[in-house]
Amino acid sequence: MLFEKKIISFDFDNTLYDQFIAFPRWKLIEQLHVFSREHKIIIATARENSERFEVENFIAKYKLPIQDIYFTNQSLKGSLLKCLGVIKHFDDCPYQLKSAKDNGIESIDVLNYVGSKRIPSFQIV
């Protein structure tokens with residue numbers, strides 16, 4: 001009997017893509033590739049669906065093994081992740097992490113996971 005792969009989700013902004021320096025977050029991308037050997041990998045982003053092109057270009061440019069992309073249009077992700085059967089979610093936003101955790105999903109704060117500091121949005125880098 002074949003078993004469906006378990007799902008791990010990643011946020012996009014400031015998780016896979018550091019929007020403050022406009023560059024990929026390589027440690028998380030490396031981890032994503034490791035997970036993809038045994039898991040289905042998806043992106044769950046709070047971006048608007050109209051921003052799909054930028055996310056898809058990033059995935060193609062860096063050859064990421066992403067199987068699906070979900071846009072929540074600025075809504076919390078927890079209930080969506082639960083419906084999708086996600087077992088683990090990587091994000092930088094405390095509200096999104098809490099939403100996932102409240103829905104029974106293991107939530108990983110990427111800012112602690114990769115040892116980086118949270119940069120206030122008003123700070124110029």
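The side chains of aspartate 13 and arginine 47 meet in a salt bridge, 2.7 Å from N to O. Aspartate 13 sits in the loop between S1 and S2 and arginine 47 in the loop between S4 and H2, so this pair ties together parts of the chain that are 34 residues apart in sequence. Keep in mind that what you're looking at is a predicted model.

**Salt bridges**

Both partners of that pair are tucked away. Aspartate 13 is buried, at 13% relative accessible area, and arginine 47 is buried as well, at 8%. Arginine 47 also meets the side chain of glutamate 51, with 3.6 Å from N to O. Glutamate 51 counts as partly exposed, at 29% relative accessibility. Add Glu54 and you have a network: Asp13, Arg47, Glu51 and Glu54 are linked by salt bridges.

Another pair to look at is lysine 77 with aspartate 11, whose side chains form a salt bridge at 2.9 Å, N to O. Lysine 77 lies in the loop between S5 and helix H3 (78-84), while aspartate 11 lies in the loop between S1 and strand S2 (17-18), so the pair ties together parts that are 66 residues apart in sequence. How accessible is lysine 77, a charged residue? At 1% relative accessibility, lysine 77 counts as buried, because the cut-off for buried is under 20%. Its partner, aspartate 11, is buried too, with a relative accessible area of 5%.

Altogether, the count comes to nine salt bridges. Here are three of them side by side:

| Pair | N to O distance |
|---|---|
| Asp13 and Arg47 | 2.7 Å |
| Glu51 and Arg47 | 3.6 Å |
| Lys77 and Asp11 | 2.9 Å |

**The overall layout**

Step back and the chain has five helices and seven strands. Following the sequence, you'd read off β-β-β-α-β-α-β-α-β-α-β-α. Of the 125 residues in the chain, 44% are buried. Take the contacts between residues at least 6 apart in sequence, and 61% of them join residues at least 24 apart. As for the outside, the chain exposes about 7600 Å², and carbon and sulfur atoms supply 54% of that.

**Two nonpolar cores**

In soluble globular proteins, nonpolar side chains tend to be buried together. In this chain, the largest nonpolar core has 22 residues, and Phe10, Leu16, Ile43, Ile66 and Phe90 are the ones with the most contacts inside it. Which elements supply at least two residues each? They are strand S1 (6-10), helix H1 (26-35), strand S4 (39-45), helix H2 (52-61), strand S5 (68-71) and helix H5 (110-113). H1 gives the largest share of this core, with four residues.

Leucine 16 makes a handy landmark. Leaving out residues up to four places away in sequence, leucine 16 touches Phe10, Asp11, Pro24, Arg25, Leu28, Ile29, Leu32, Ile43 and Phe58. That list includes Asp11, the salt-bridge partner of lysine 77. There is also a second, separate core of seven residues, with Ala44, Leu81, Val86 and Ala100 among them.

**Two more buried residues**

Lysine 88 is in strand S6 (residues 86-91). Is lysine 88 buried or exposed? Lysine 88 is buried, with a relative accessible area of 17%, which is under the 20% cut-off. Beyond its neighbours within four places in sequence, lysine 88 contacts Ile7, Ile8, Ser9, Phe35, Ile105, Glu106 and Ile108. Of these, isoleucine 7 is 81 residues away in sequence, yet the two C-alpha atoms are 7.3 Å apart in space.

Serine 99 sits in helix H4 (residues 94-102) and counts as buried at 9% relative accessibility. With neighbours within four places set aside, serine 99 is in contact with Leu76, Lys77, Gly78 and Ser79. So Lys77, which pairs with aspartate 11 in a salt bridge, turns up again here as a contact of serine 99.

**A surface patch**

Not every nonpolar side chain is hidden: Ile21, Phe23 and Trp26 form a nonpolar patch on the surface, with about 310 Å² of accessible area together. Tryptophan 26 is in helix H1, the helix that gives the largest core its biggest share. Tryptophan 26 itself is partly exposed, at 39% relative accessible area.

**How confident is the model?**

Mean pLDDT for the chain is 88, and 88% of its residues reach 70 or more. Where does pLDDT stay under 50? That happens over residues 115-125, for which the model has 14 contacts beyond four places in sequence.

Key
Residues are numbered from 1 along each chain as its sequence is written. This is a predicted model: local features need pLDDT of at least 70, side-chain atom pairs count only at pLDDT 80 or more; totals for chains, interfaces and linings use all residues. Side-chain values use heavy atoms; hydrogens and water are left out. pLDDT is the predictor's confidence in each residue, from 0 to 100. Contact means heavy atoms within 4.5 Å. A nonpolar core is a set of buried Ala, Val, Leu, Ile, Met, Phe, Trp, Tyr and Cys residues joined through side-chain atoms within 4.5 Å. Buried means under 20% relative accessible area, exposed over 50%, partly exposed in between (1.4 Å probe, protein chains only). Patches are made of residues with over 30% relative accessible area and no salt bridge: like charges are joined within 9 Å, nonpolar side chains (Val, Leu, Ile, Met, Phe, Trp, Tyr) within 5 Å. Accessible areas come from the Shrake-Rupley method with a 1.4 Å probe; for residues, only the protein chains shown count as cover. A salt bridge is a side-chain nitrogen of Lys or Arg within 4 Å of a carboxyl oxygen of Asp or Glu.
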